[in-house]
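Student: I am new to this structure and would like to go through it step by step. Could we start with how two of the helices are arranged?
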Amino acid sequence: MTLMGWLQIGFLFILLFGLTKPLGLYLYNIYESPSRFKILSTLEEMIFRFCGIDKEQQTWKAYTFCLILFNLIGIIVLFLIQTTQHFLPLNPQNYPAVPWDLALNTAVSFVTHTNWQAYSGETTLSYFTQMMGLTWQNFCAAGTGMTAFLALSRALAHHATDEGDKTVGNFWVDLIRSILFVFLPACFIFALILVSQGTLQNFSPAIDVTTLEGAKQTIAMGPVASQEAIKILGTNGGGFFNANSAHPFENPTPLSNFLQMLALVLIPAALTYTYGKITKSSSHGWALLATMVFISLLGVAFIYYFESQPNPLLNHLHLNQDLGNLEGKEVRFGIPGSSLFANFATDTSGGPANSMYDSFSPIGGLVLLINMLLGEVVFGGVGVGLFGMIMFVIISVFIAGLMVGRTPEYLGKKIEGKEVRFAILYVALYPLVILVGTSWSILAPYGLSSLQNLGPHGLSEVLYAYTSATQNNGSAFAGLNANTPWYNITLALAMFIGRFLSIYLGLAFAGSMVNKKIAIPNAGTFPTQGMLFIGLLIGVILIVGALTYFPVLILSPFLENTYLQMGKTT
Amino acid sequence: MSKDILISFKVSLITLFITGLLYPFLVTEFSALLFYKRANGSLILNDQNKIIGSELIGQSFKNPSYFFPRPSAAGKGYDGMASQGSNLAQTSRALLKRIEAKIEEIKKNNSEFIPIDLVTASGSGLDPHISPQAAYWQAPRIAMHREVSLKRIVSIIEDLTEPPQFNLLGEARVNVLKLNLVLDQFFGPPTMLP
């Protein structure tokens, strides 16, 4: 580890803190008082009228119904685009239709905000599919995440009146505002900055060149920057190319790398401020951000340290390992730029990769796994990250309530048996899917045949795949050949359950909170700000999140680390 | 309900048009206007105006008169259509064997320790850079094959070393293709190996 490395990391966190409030405020105004922006409100009126949106407040059930309906249509359209791409324009390399199981997997993957990629972008998808299919759904999936968060935070902030429970907002209004006024302008600017660094943006076919040594090389082209911008800002993570953000055409310079890291956590961090503003408890918002930053710093410290270490298995060779574990990493980013990127990629639900996580040290890879297994609540995906964090907060105040023997309250509303049940189900849903999927795959020959690495690392590959899919992350230990019918279909299922069942549970929770009275806090109320709360929340996240998976983690990264320290190969 | 289905389709249509079509084309237009070369792959042309590569995409070099890049897992090596890393774990025997073979291949008479980037594959398989250490390590071989002084080669490497961006971000690095182009420019193309 070097001072320069820590300076880069520190600089990024300081910028993040500085941007949280202004951006959080902008988001608040966009959603809660859009009349502040005259041009935008005229524009959205036109779209509302065209689509027939009445802007009526919806119940949580109507809201959830529209959310799932819109996404189902997304899956169908995306599936159709892929399977008919050979008839569609903008296919200069003449790629054939995507096979149905892969197309299904990819459609579910992009709609559920996972962006798991069982295909190689540059040799499978036409520019049309990348743009009209994937870029489009990147926007929609990110927008959907924001809507879920908005509905939940409004339900918590709402004073019960006789309006009934029609108070979580309107799904269509929230969706369109997210896409048009949050992601679109930000992506436009970000895409141009990326192009200035060397990210591609064109519609040319691949270029054949004769290299300096006289060999033939074909260089892929395409509209990369426009997709790259939303991939990062929307915490989607699906790259244009197979190598994702490691590809020099996606992430050409250290500056583009720095900005991608910042953009990945920017909106999730800003939402903590928006949340504080909506629920009129700014200090609680800051407490959530502090919790996130603490866990994130812990993660990057571990990754950075272990990736800087020499590989003990190479110690006897005639090598200078001062630069650290560079297998699967790019020279221009080095260890700090790769460690922080990987940490943010798994803290959020983004899952982009500027290095190959399969080649990380066992402990480095373990941190990535744990980041996802915690439920991606450290920053998390745009919207849904905070959504999951609130579930952990509910469990925290519930535990605090048990300790002092009082009915727990959150933001002045009583938390009762029903709400705790939703929160527990939300948290327990993930291990169920992840562990069943993993165990089934390692017991079946069609699951095992996809492994590239053997021994404990092979188990890590499968565990990583189901974790990434269920948590809608999308990054991979890419040695696993996931493009088989078994993995395509089961991972698609895991992604679907991980996305929509969790949103359903969270919104059902919102529905049961919306009509509760807000009580004035008294001396017995457990405060949801300050060090005591932050400490308890960190404890709950780490204990609930990590302990569930302790046995399987012992058998995979921990055991692999023992192999490594003993100098044993697999 | 049927009303919501209709809205769903209309919203899908309008977002598809705005984010899938309008937005990428607008970005393309503006990029072409502002950063034409970058948007089109940062290509390098030779004197005859032929494209010899992209400054962002690494190339294979096997001739000992050229600087070697990092090993590549992209296709058969630096395949611009098959970006990927090796995805081998640290404990993988295949990785150990591959690194041992690479050391055997490039070490020759050089007694200095080999910088790790010269034997490890990058994440993209297209990494255009090596570390300055890796360039200096190769300098004696280049000097011998090109029959020029070591000092000359070292000063070329110094000139082409890019510091961290703004002296803060990323790592110091040398672009292998640019380095080899300068070698050819100064000393002429090397004799081709059989």
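**Helix packing and hairpins**

Tutor: In this predicted model, helix α2(A) and helix α1(B) are oblique to each other. The reason is the angle: their axes cross at roughly 135 degrees, and angles that are neither under 35, nor over 145, nor from 65 to 115 degrees count as oblique.

Student: Within what distance do the axes of α2 of chain A and α1 of chain B come?

Tutor: The axes come within 9 Å. Helix α2 of chain A covers residues 38-51, and helix α1 of chain B covers residues 2-34.

Student: Which residues make the contact?

Tutor: From α2(A), they are I47(A), F50(A) and C51(A). From α1(B), they are I7(B), K10(B), V11(B) and I14(B).

Student: And how do those residues of the contact divide into nonpolar, polar and charged?

Tutor: Six are nonpolar and one is charged, with no polar residue in the contact of α2(A) with α1(B).

Student: Changing topic to strands: in what sense do β1 and β2 of chain B pair?

Tutor: Strand β1 (residues 43-45) and strand β2 (residues 51-54) of chain B pair in the antiparallel sense, over three bridges. One bridge links L43(B) with S54(B). The two strands form a hairpin with five residues between them, and N49(B) in the turn has a positive phi of about 65 degrees.

Student: How many bridges join β1 to β2 in chain A?

Tutor: Four bridges join β1 (residues 207-210) to β2 (residues 216-219) of chain A, and these strands run antiparallel. D208(A) has T218(A) as its bridge partner.

Student: Which residue in that hairpin takes a positive phi?

Tutor: G214(A) does, with phi near 90 degrees; the hairpin of β1(A) and β2(A) has five residues between the strands.

Terms used. Residues numbered from 1 in each chain as written. Chains lettered and ligands numbered in written order. Predicted model: local features only at pLDDT ≥ 70, side-chain atom pairs only at ≥ 80, totals over all residues. Axes fitted to C-alpha atoms, helices over the stretch in contact; angles between N-to-C directions. Contact = placed C-beta atoms within 7 Å. Nonpolar A, V, L, I, M, F, W, Y, C, P; charged D, E, K, R; others polar. Pairing = 2+ DSSP bridges.
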